[in-house]
Amino acid sequence: MLDKHMTLPKKVIVYAILIFFGLILFAPFLYMISISLASKQTNALQTFTLIPKEFNLGNFKDLFGNLFSGGRPMGKWFLNTMFVVVLSIIGQIFSSSFVAYGFARMRYKHKNVFFLILLGTMMLPGQITLIPVFIIFRNLGLYNTLWPLIIPQFFGSAYNVFFTRQFMTAIPGSLYEAAEMDGLNNFGIYRKIVLPLVKPALAAISIFTFNFAWGDMMGPLIYLSDSNKFTLALGAANLSASSNPTGDINTSLVMALSFLLSIPQILVYFFGQKYMFQLNLGIGNSGSK
């Protein structure tokens, strides 16, 4: 809408500035691609260039040399990552939306107090609860399994509950009243009325959870010790910490894996950006349409 009121010279200046900063932000990504395509000789000498001058695909072939065995079982890492990501998204969508419905429409004593307490947990850094949660999972016998990365996602997130509740409170009350007159209980209203109307919020939760679970390195680093159970993010971190026989880190191999890790996040952004745009327009506006 802003473009309609701008003259051509102003448009040229604005787009020139945007392109300039866009190129600056794109430079590290381009450098990563250049390093991932570098040859072994270039990697040994560390003479990388910003613009790719070599197109050596040997690093990508090395990554997929042994998908389910060896020191880099990429196939196992990928399956572990997808298992964590899919269950995390499912857990966050249903737990956060279910709790948000309770805060948005149900009436009970001290509801606002409980909601403020929930929001207060957003101020607590994860490092505070890191050791107690680790001890709990270890005592449950879940250490060195993927479940400590998944189970917490089924208890929702304060941030996800907050903005999902804002969408639900924007739904006209007449819809709830009509549903109650048709004989729907709270769960029926939640499933048939609320969930279809808060799809932008649920899509945003999916994007947030995907980005977190896909790129999470701290959680797997704490709970996993068996390399066959690593996720891709932890595998990339472990690869960057390992050395070849000469004592040097294979930077090109690390950047090749990092490049592959970034592709799904870029695709998720492009396919889900319309839902993020709806959120930016104002939480709750999309829910009332």
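## A quick tour: two helix pairs and a nonpolar patch

F154 sits in the loop between α7 (147–150) and α8 (158–169). That's a handy place to start, since F154 also belongs to a nonpolar patch on the surface. Keep in mind that this is a predicted model. Below are the patch and two places where helices meet.

**The surface patch**

- Along with F154, the patch takes in F83, V86, I90, F94, W147, I151 and F155.
- Together, these residues have about 790 Å² of accessible area.
- The biggest giver is helix α4 (residues 74–104), which puts four residues into the nonpolar patch.

**Where α4 meets α5**

- Helix α4 turns up again here, with helix α5 (residues 111–120) as its partner: their axes cross at roughly 140° and come within 10 Å.
- That crossing makes α4 oblique to α5, because an angle has to be over 145 degrees to count as roughly antiparallel.
- On the α4 side, the contact uses G102, F103 and A104.
- Facing them from α5 are K111, F114, F115 and L118.
- Sorted by class, the α4–α5 contact has five nonpolar residues, one polar and one charged.

**Where α10 meets α11**

- Helix α10 (residues 186–197) packs against helix α11 (residues 199–215) with the axes 5 Å apart and an angle of about 70°.
- So α10 is roughly perpendicular to α11, a label that covers 65 to 115 degrees.
- From α10, the residues involved are L195, P196 and L197.
- They meet K199, P200 and L202 in α11.
- This α10–α11 contact counts five nonpolar residues and one charged, with no polar ones.

Technical notes. Residues are numbered from 1 along each chain as its sequence is written. This is a predicted model: local features need pLDDT of at least 70, side-chain atom pairs count only at pLDDT 80 or more; totals for chains, interfaces and linings use all residues. Side-chain values use heavy atoms; hydrogens and water are left out. Axes are lines fitted to C-alpha atoms, for helices over the stretch in contact, and angles run from 0 to 180 degrees between N-to-C directions. Angles under 35 degrees count as roughly parallel, over 145 as roughly antiparallel, 65 to 115 as roughly perpendicular and the rest as oblique. Contact means heavy atoms within 4.5 Å. Ala, Val, Leu, Ile, Met, Phe, Trp, Tyr, Cys and Pro count as nonpolar, Asp, Glu, Lys and Arg as charged, and the others, Gly among them, as polar. Patches are made of residues with over 30% relative accessible area and no salt bridge: like charges are joined within 9 Å, nonpolar side chains (Val, Leu, Ile, Met, Phe, Trp, Tyr) within 5 Å. Accessible areas come from the Shrake-Rupley method with a 1.4 Å probe; for residues, only the protein chains shown count as cover. A salt bridge is a side-chain nitrogen of Lys or Arg within 4 Å of a carboxyl oxygen of Asp or Glu.
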